[in-house]
Amino acid sequence: MSAWNPKMEFMPKEELDKLQLKLLKALVHRLYDYSPFYRQRMDLAKVHPDRIRSLTDVAKLPCMQKKDLRDLEPGQLFMASNRELVRYHASSGTTGRPTIVGYTQKDVDTWTESVARGIASAGLGADDILQVAYTYGLFTGGLGLHYGAERLGCTVVPASTGNSERQLDMIKRLGVTAIACTPSYLMHLGEVSQRIGLDIKSDTNLRLGILGAEPWSEGMRGRMEDGLGVKAINIYGTSELSGPLWCECVEQRGMHVWGDQTLLEVVDPETGETLSPGEKGELVVTMLLKEAVPIIRYRTGDITTVDWEECGCGRSHPRLGRITGRVDDMLIIRGINVFPSQVEYVLMSNPELGNEFQIVLERKGALDDMLVRVELKPESFQDNVAKLESLKSRINERLKNTLMISAEVELTEPGTLPRFEGKAKRVVDKRNI
Ligand code: DLL
């Protein structure tokens, strides 16, 4: 079994607990003493660093929201001078003003270590050629994967996004063994390869995908593994925490989160109350080692589970389940909470359907109206009207049972819905326009 840093990755849980507590105490003291922002927050919450005596005491500390990072100017939050900073990244700003994050050399090193450990646990090593098809630039995906893979000794093809035919040409000519990109982009590459007569399974060496930055489902995993012969590994992170940070190991049973760098909690998104291991709620993250932009109890808005059950690979660190939605991409349709991932789950279980779908919301009179547009696979597009009508009503029925509301379904011609090089945008909400 390949491990990048076996001493840390297989550290006994009791030792890990002790280390986490030591790091947490040091972090809280440092922020109280040197960060006016955090000191004010802690004073307001009436928590002095001396009150942090056990790991569960983390719940006494105030939470931090995306809004805090967005509203504060970098200088108000940063704890490193220009001389100490080596890089900036920023979020895409799709949900508001971009959040800017600075990194010291140690921050980049810690991040790189996290990625190297993760992708090694997924099966990558020095013999692999990894094509990084996440955007390079302010977005963290490109450089994050690039540095982690280089640290591990992989050969990196820094392809960035776009130009799918050239991406495929590189994969074939260079003997690329793994790709890092959004899951929707890998599916798109699958379609383009079909169009140009390239069989990814038999004509290339591609065998592994490091896929994240957007929600995806087990159904999509099956499609990529069976259809393209690419083992699909989930990777998660956010720009506020550093970038892509944690991924699944070869066992594919949740993403290993390195406890010597990070402390996780899951809270009830409404009450903020801490939930037990295995319970589903909002992920809250404390980064124990970050220097330039320290993060305590960051409410990610992502809905998931955390558990400490032993993994088949033997690593002792906690595991993050699949992200099933976001607190804020939760759609409220006729008063019912709906996550786009639930729609994807229903659609992907139908072999007649392609990979692309779109949810269109409109207000008709006083009522919300939901339309699910989904592409057919080319072979099903030829089916007769009666067969397609019966498929439509099956999907209708399953959407109704899963979402508790009814939706209109439109089956579209293959290749007609928008494709995305970066994060896929599945929802068109016309209700407030
Ligand atoms: O998307 C960082 C990243 C790059 C992760 C490459 C993985 C791979 P942001 O642009 O700040 O950072 O977006 C973070 O994307 O809060 C989630 O809602 C979503 N997200 C990221 N990874 C996953 C995943 C990068 N594996 C936001 N599954 C997060 C579901 C994900 N959602």
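User: How much of the protein counts as buried, and what makes a residue count that way?

Analyst: In this predicted model, 53% of the 433 residues count as buried. A residue gets that label when its relative accessible area is under 20%.

User: What makes the protein as compact as a globular protein of its length?

Analyst: Start with what it is built from: 14 helices and 21 strands. The radius of gyration is 22 Å, and the globule rule gives 22 Å for 433 residues, so the protein is as compact as a globular protein of that length. Along the principal axes, the C-alpha trace spans about 70 × 55 × 40 Å.

User: What share of the contacts joins residues 24 or more positions apart?

Analyst: That share is 66%, counted among contacts with a separation of 6 or more.

User: And what is on the outside? How much area does the protein expose?

Analyst: About 19000 Å², with carbon and sulfur atoms supplying 51% of that area. As for charge, there are 55 positive and 60 negative side chains, and the centres of these two sets lie 3 Å apart.

User: How do you know that C154 is in no disulfide?

Analyst: A disulfide needs two cysteine sulfur atoms within 2.5 Å. For C154, the nearest cysteine sulfur belongs to C247 and is 11 Å away, so the cut-off of 2.5 Å isn't met. The structure as a whole holds zero disulfides.

User: Why is C249 not bonded to C311?

Analyst: Here the sulfur of C249 is 3.8 Å from the sulfur of C311, its closest cysteine sulfur, and that is too far for a bond. The cut-off is 2.5 Å.

User: Are C154 and C249 buried or exposed?

Analyst: C154 has a relative accessible area of 7%, so it is buried. C249 is buried too, at 0%. Both values are under the 20% limit.

User: What makes S160 stand out in its backbone?

Analyst: S160 has a positive phi, about 55 degrees, although it is not a glycine. You'll find S160 in the loop between β4 (155-157) and α8 (164-174). N163 sits in the loop between β4 and α8 as well, and N163 also has a positive phi, near 50 degrees, without being a glycine.

User: Why is S160 called buried, and what is N163 called?

Analyst: S160 has 17% relative accessibility, so it counts as buried; the limit is 20%. N163 comes in at 45%, so N163 counts as partly exposed. That label covers values between 20% and 50%.

User: How do you know that M255 is buried?

Analyst: Its relative accessibility is 0%, so M255 counts as buried under the 20% limit. M255 is found in strand β9, residues 255-256. Leaving out residues up to four places away in sequence, M255 touches a set of residues that includes Y236, W246, C247 and L320.

User: How far apart are M255 and I52?

Analyst: In sequence they are 203 residues apart, and in space 28 Å apart, C-alpha to C-alpha. I52 is not listed among the residues that M255 touches.

User: Is S91 buried or exposed, and where is it?

Analyst: S91 is in the loop between β1 (85-90) and β2 (100-104). Its relative accessible area is 11%, so S91 is buried. Beyond its neighbours within four places in sequence, S91 is in contact with K66, P98, T99, S239 and E240.

User: Why is R41 called partly exposed rather than buried?

Analyst: R41 has a relative accessible area of 24%, so it is partly exposed; buried would take a value under 20%. R41 lies in helix α3 (residues 36-44). Apart from neighbours within four places in sequence, R41 is in contact with P62, C63 and D68. The C-alpha atoms of R41 and L61 are separated by 8.6 Å, with the two residues 20 apart along the chain.

User: What makes M370 buried?

Analyst: A relative accessible area of 2%, so M370 is buried by the 20% cut-off. M370 lies in strand β19, residues 367-376. Not counting residues up to four places away in sequence, M370 touches residues including I333, V338, V360, L403 and I405. M370 and K392 are 22 residues apart in sequence and 15 Å apart in space, C-alpha to C-alpha.

Technical notes: Residues are numbered from 1 along each chain as its sequence is written. This is a predicted model: local features need pLDDT of at least 70, side-chain atom pairs count only at pLDDT 80 or more; totals for chains, interfaces and linings use all residues. Side-chain values use heavy atoms; hydrogens and water are left out. Helices (H or I, at least four residues) and strands (E, at least two) are DSSP runs, numbered from the N terminus. The radius of gyration is taken over C-alpha atoms; the globule rule is 2.2 Å times the number of residues to the power 0.38. Buried means under 20% relative accessible area, exposed over 50%, partly exposed in between (1.4 Å probe, protein chains only). Contact means heavy atoms within 4.5 Å. Accessible areas come from the Shrake-Rupley method with a 1.4 Å probe; for residues, only the protein chains shown count as cover. Lys and Arg count as positive and Asp and Glu as negative; His and the chain ends are not counted. The place of a charge is taken as NZ of Lys, CZ of Arg, CG of Asp or CD of Glu.
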